[in-house]
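Hi,

Here is the structure I said I would pass on. Have a look at it first, and my notes follow underneath.

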Amino acid sequence: MGSEGRGGGELIVKVSKREVVAAVLPLQEHWLPLSNLDLLLPPVDVGVFFCYKKNTSLLGKDLSNNFPSMVRVLKKALAQALVTYYAFAGEVVSNPVGEPEILCNNRGVDFVEAFAESELKDLDLYNPDDTIEGKLVPKKKHGVLAVQATELKCGGLVVACTFDHRIADAYSANLFLVSWAEMAQSKPISTVPCFRRSLLNPRRPGSIHPSLNDVYVPVTSLPPPKDPQPGDDYLISRIYYIKADQLNLLQSLATTTNGCRRTKLESFSAFLWKMVAKHAILNNVDKKVTKMGIVVDGRTRLGDGDIDKASLMGSYFGNVLSIPYGGKDVNEIDENPLRYVMPMPSPSCNGDWVVYVHLLKGQVELIETEAAHLFRPLTFDYLQDTNKE
């Protein structure tokens with residue numbers, strides 16, 4: 001595996017070992033159906049990665065940066081966590097009516113060990129397409145979850161996971177990652193996941209608001225995908241950081257004259273909306289819908305006044321909710337593939353954001369041209385500086 005690093009040389013990643021890690025305890029084989037919210041998602045894999053500098057303890061353990069020792073801890077803890085998070089140890093298969101379901105058979109998780117001829121400071125974090133995806137973040141070929149641990153030339157470490165988004169949203173994946181870390185530190189799991197699909201049964205199945213027809217359409221009504229043509233726009237990924245003072249400025253600009261104060265997320269989303277809409281206008285995209293969706297955690301909204309149900313929803317494992325933010329009238333179905341932007345708090349804990357962007361190349365170029373003061377490329381130096389604060 002190879003790609004260009006920040007230093008201009010090719011990033012060489014050599015796989016040293018492949019293994020399947022299964023739950024440490026036997027599991028009764030059974031089927032776990034997907035909820036209606038899970039079934040709304042296409043078969044999309046999502047990746048996440050964690051970078052550790054040399055002389056940094058891994059998951060709370062001081063292992064003297066011994067890569068084999070660190071990997072042993074990761075595997076042992078993973079096998080323990082999969083006992084509780086057994087859905088990640090299964091595989092997605094079709095049921096008799098053709099719908100995907102999880103076969104909880106303890107197939108296990110593909111675990112890759114690798115070495116990268118690069119130092120952590122030379123990884124191009126701003127452009128993950130080049131040095132992260134498919135090199136440090138594994139391609140999931142089997143099962144629901146894949147893991148890769150990569151030793152860097154500087155003694156650093158990158159731990160990356162790829163999981164099937166139909167099985168878990170970001171909240172569920174985070175529950176698993178926290179539990180995995182707790183197992184590695186010999187701590188008990190703080191949150192036991194709940195797989196009760198009945199929690200998402202419709203409260204009033206006979207009452208469906210007509211507005212849902214403007215949000216969802218049958219898959220069978222979609223036109224077949226077109227073959228890419230020369231000059232077509234395509235999706236790229238970028239990672240930026242946004243300074244806290246710029247977020248505060250956006251928020252102040254979004255405050256209305258009557259004093260209605262918008263949240264930082266609302267203010268940022270409105271600004272991003274303007275950029276996406278301007279790109280559509282400049283490229284004469286006047287016959288297609290321009291929509292933006294804000295992904296929210298619906299667990300707090302589905303308790304329905306039931307304390308016990310609200311408690312279970314807090315540990316519910318699966319996909320829960322995504323709410324449309326706005327749009328214009330639909331004249332033609334947008335055939336472009338999934339695009340999204342994911343803001344998260346910076347590790348500096350100083351109010352900065354780190355923002356992952358997966359948009360069309362033309363949209364990214366417009367954002368970087370007109371909002372370079374806001375969207376700043378994520379670099380190793382920025383992360384170094386945040387650790388000093």
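First, the cysteines: a search through the whole structure, which is a predicted model, turns up zero disulfides. As a reminder, a disulfide is a covalent bond between the sulfur atoms of two cysteines. Two cysteines that may catch your eye are C161 and C194. C161 is buried, at 2% relative accessible area, and C194 is buried too, at 6%.

Next, the aromatics. The search of the whole structure comes back with 14 aromatic pairs. Take F176 and W180: their ring centres are 5.8 Å apart and the planes sit at 35 degrees, so this pair counts as tilted. Both belong to helix α4 (residues 170-184), and because they are four residues apart there, about one helical turn separates them. In general, an α-helix has 3.6 residues a turn, so residues three or four places apart point the same way. F176 is buried, with a relative accessible area of 2%, and W180 is buried with 4%.

Y241 and Y382 make a stacked pair, 3.8 Å from centre to centre with 10 degrees between the planes. Y241 is in strand β10 (residues 235-242) and Y382 is in helix α9 (residues 380-388), so the pair ties together parts that lie 141 residues apart in sequence. Y241 and Y382 are both buried.

If you colour the rings, try picking out the cluster that ring pairs build from Y85, Y86, F88, F163, F176, W180, F195 and F317. There is also a charge over a ring to look at: R238 lies over the face of Y126, 5.2 Å from the ring centre.

Now for the packing. Which residues touch the most other members of the largest nonpolar core? They are L78, F88, F176 and W180, in a core of 44 residues. The elements giving two or more residues to this core are α2 (67-84), β6 (100-104), β7 (109-116), β8, β9 (157-164) and α4. Of these, α2 gives the most, with ten residues. For background, nonpolar side chains in soluble globular proteins tend to be buried together.

L78 is a handy place to start in that core. Setting aside neighbours within four places in sequence, L78 is in contact with V21, V109, F111, V147, F176 and W180.

Then there is a polar residue worth a click. Q148 is in strand β8 (residues 145-152). Is Q148 buried or exposed? Q148 is buried, with a relative accessible area of 3%. What does the side chain of Q148 reach? One partner is the backbone oxygen of K135, at 2.8 Å. The Q148 side chain also makes a polar contact with the side chain of T150, at 2.9 Å. Beyond its neighbours within four places in sequence, Q148 is in contact with V13, V112, A114, K135, L136, V137, P138, V158, V159 and A160.

Last, helix α8 (residues 361-370). G362, Q363, V364, L366 and I367 are buried in this helix. The cover over the buried residues of α8 includes β10, α6 (264-282) and β14 (353-360). You have already met β10 above, as the strand that holds Y241.

That is what I have so far. Shout if you want to go through any of it together.

Cheers

Terms used. Residues are numbered from 1 along each chain as its sequence is written. This is a predicted model: local features need pLDDT of at least 70, side-chain atom pairs count only at pLDDT 80 or more; totals for chains, interfaces and linings use all residues. Side-chain values use heavy atoms; hydrogens and water are left out. Buried means under 20% relative accessible area, exposed over 50%, partly exposed in between (1.4 Å probe, protein chains only). A polar contact is a pair of N or O atoms within 3.5 Å; within protein, one must be able to donate a hydrogen and the other to accept it, and residues adjacent in sequence count only if both atoms are side-chain atoms. Contact means heavy atoms within 4.5 Å. Rings of Phe, Tyr and Trp (its six-membered ring) pair if their centres lie within 6.5 Å; planes under 30 degrees apart count as stacked, over 60 as edge-to-face and the rest as tilted. A charge sits over a ring if NZ of Lys or CZ of Arg is within 6 Å of the ring centre and within 35 degrees of the ring normal. A nonpolar core is a set of buried Ala, Val, Leu, Ile, Met, Phe, Trp, Tyr and Cys residues joined through side-chain atoms within 4.5 Å. A disulfide is a pair of cysteine sulfur atoms within 2.5 Å.
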